[in-house]
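Reader: I should like to be taken through the reading of a two-chain model, feature by feature. Please give the general idea first and then the case at hand.

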Amino acid sequence: MHIKSYKGTKILGKTATYCILISASMICLFPFLWMVSTSFKETAQIYKMPPGLFPENPTLNNFIEGWQGADFALFFKNSALVTLFATLGTVLSSSIVAYGFARFKSRLSPFLFIVLLGTMMLPTQVTLIPQYLLYYKLKLIDTYWPLIIPSWVGGGAFNIFLFVQFFRTLPKEFDEAAKIDGANSLQVFLKILLPAVRPVMLAVLVMALVYNWNDFFSPLIYLNSSNKFTIAIGLQFFKGSQGNVKIGEMLAMSLVSLLPVMAVFATCQKYFIQGIKMSGMKG
Amino acid sequence: MNLAGKSEFTGLDNWIYAFTEDPLFFRAFGNTLKYVVMFVPGSIIISFIIGLLLSKKIEGQGFFRTVFYIPYITSGVAVTILLGWIFNTDYGVLNYFLSLLGIKGPDWLGDKNMVMVSIVIFSLWTIGNNIIIMLAGIQDIPRSYYESAQIDGAGAARQIFSITLPLTTPTIYFNLIVTFIAAFQIFQQPFILTNGGPLNATYTVSMHLYNNGFLYGKMGYAATMAWGLFAVIMAITLIVQKSSKYWVFYDD
């Protein structure tokens, strides 16, 4: 009897678990489903009550007119350019800075490492204004430089931290053996250490890709000319010019802007999960 | 200072202006605090519960994990626009669903008492990373603890409160600090959807900073705001850190 009731609660618990997880999944997925559905609807049907999930006369008009409504091809190209160079910089510079912290000791390095980690606690707003003034003095406002340069000078404290943690797990004998074979420090880094931490590199890479593609605040303050807009600012600009009037076109363009992120995620999912798990490790 | 002219030392003028004349300064801090107070506990509680459920032996764990993570990686202008449409008062599908249940849906983004709640809901939709960090923390707990507890006759609820929760506190602590820092900087959703309105109900510190620095050209005053925000964030981080010895439990 006792065993039976225990089993009973267990089944009840399982059912409740699935119910909550499935409902939460629906909450997470439904908006995307709705976005796809609305994108293919005719304007009249978008505002129809009660709304239907499936478009009655599926149409591509929202995509065609939205695409022509603003220069989305250009926004995409701009975003791709910024994302490419910023991501490349993030991976290269954070890994090489981490190499320094992990393998080249000086009396200052423990202190510098603490300072570096301290910058993670700093809200972006604090450095925002001095940074803006710096780029202003350098006459780099309304160029892509302010969006790319920060990635090449360190690539973020958190990424450096990840790399350091993993470089430290690699035995120093690796480096020494390579050095005996005549490799210099840079070759040790590029040929021995970097390939050994490939999962970290990929995790940093995919997270940087998504971060830079989605970034809204930096392009918002640094870019002024509409022909330089990235997709995030382009969408906001498009929204401003359309209001709620052309919601179909807006959602169609939003959907298109998500496709690259979705594609990266679909192919590299395990590196994302890995990256996030590693981020929890420092807690 | 402004961009064109030379900067000159103004002493405490910016601070005095903020505290005595600028009516939006306290409003912005108050709104931000309201957001933080709703979002941070909500985020911690939901991510703990979902993390806990995901840690059970269930079918499709990988699938669920992916699904909860998708809103996080897609969070940006596109998704903010999408949520704004779903929460549209007259044509939004959410209010349609509510009407099926016989509930008259609120004016999510137009009612000054409701709008911050909507912004919090939008943010809670994107906490997939917190969920995965929480899940990783929960999965680190050795199975043997639960097994001995079961032998001693501890039920499911008892196991959660006596084993899972205490041993997840280091992860909760980490999530709490990171979430606090991010929450105080809330900008994107109110900027895109409400522009701080209606009646300044979603006008946050970051928006005030942005408007002063980049629309009105008052860089010095914007810097004042940034330091004010920094001071508040530091104070809260310190409080959380000091309090941690009373509630964070390290199992080594």
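Author: The dialogue below moves from the chains to their contact, the core and single residues. This is a predicted model, in which local features need pLDDT of at least 70, side-chain atom pairs count only at pLDDT 80 or more, and totals for chains, interfaces and linings use all residues. Residues are numbered from 1 along each chain as its sequence is written, while chains are lettered from A and ligands numbered from 1 in the order in which they are written.

Reader: Which secondary structure elements does chain A have, and how many?

Author: Helices (H or I, at least four residues) and strands (E, at least two) are DSSP runs, numbered from the N terminus. By that count chain A has 14 helices and zero strands. Chain B has twelve helices and zero strands.

Reader: Is chain A a compact globule or more spread out?

Author: One compares the radius of gyration, taken over C-alpha atoms, with the globule rule, 2.2 Å times the number of residues to the power 0.38. For the 283 residues of chain A the rule gives 19 Å, and the radius of gyration is 24 Å, well over that value, so chain A is more spread out than a compact globule. Its C-alpha atoms fill a box of roughly 80 × 75 × 35 Å along the principal axes. For the C-alpha trace of chain B, the spans along the principal axes are about 75 × 50 × 25 Å.

Reader: What share of the contacts in chain A links residues 24 or more positions apart?

Author: Two residues are in contact if their C-beta atoms, placed from the backbone, lie within 7 Å. Among contacts in chain A with a separation of 6 or more, 77% join residues 24 or more positions apart. In chain B the corresponding share is 71%.

Reader: Which domains does the assignment give for chain A?

Author: Domain bounds come from an automatic or database domain assignment. Here chain A is divided into domain 1 (2-59) and domain 2 (68-281). The centres of these two domains, taken over C-alpha atoms, are separated by 34 Å. Their contact takes seven residues from domain 1 and six residues from domain 2. On the domain 1 side, helix 1 and helix 2 (43-46) of chain A each supply at least two residues, and helix 1 gives the largest share, four residues.

Reader: How many residues does each chain bring to the contact between chain A and chain B?

Author: Chain A brings 49 residues and chain B brings 56 residues. Several helices of chain A supply at least two residues each to its side, including helix 1 (2-39), helix 6 (124-137) and helix 11 (198-214). Helix 14 of chain A provides the largest share, 15 residues. For the classes, Ala, Val, Leu, Ile, Met, Phe, Trp, Tyr, Cys and Pro count as nonpolar, Asp, Glu, Lys and Arg as charged, and the others, Gly among them, as polar. The chain A side then has 34 nonpolar, 13 polar and two charged residues.

Reader: How is burial judged, and what percentage of each chain is buried?

Author: A residue is buried if 20 or more other C-beta atoms lie within 10 Å of its own, exposed if 12 or fewer, and partly exposed in between, with C-beta atoms placed from the backbone. Buried residues make up 36% of chain A and 42% of the 252 residues of chain B. Helix 4 (residues 77-86) of chain B is mostly covered, with ten of its ten residues buried.

Reader: Where does the largest nonpolar core lie with respect to the domains of chain A?

Author: A nonpolar core is a set of buried Ala, Val, Leu, Ile, Met, Phe, Trp, Tyr and Cys residues joined through C-beta atoms within 7 Å. The largest has 129 residues, and F163(A), F167(A) and L82(B) have the most contacts inside it. Helix 14 of chain A gives the most to this core, 13 residues. Both domain 1 and domain 2 of chain A give residues to the core, so it lies between them. Leaving aside neighbours within four places in sequence, F167(A) has contacts that include A98(A), Y99(A) and L193(A).

Reader: Are C28(A) and Q165(A) buried or partly exposed?

Author: C28(A), in helix 1 of chain A, has 20 other C-beta atoms within 10 Å and is therefore buried. Beyond its neighbours within four places in sequence, C28(A) is in contact with V67(B), F68(B), I70(B) and P71(B). Q165(A), in helix 8 (residues 157-169) of chain A, counts as partly exposed because it has 16 C-beta neighbours inside 10 Å.
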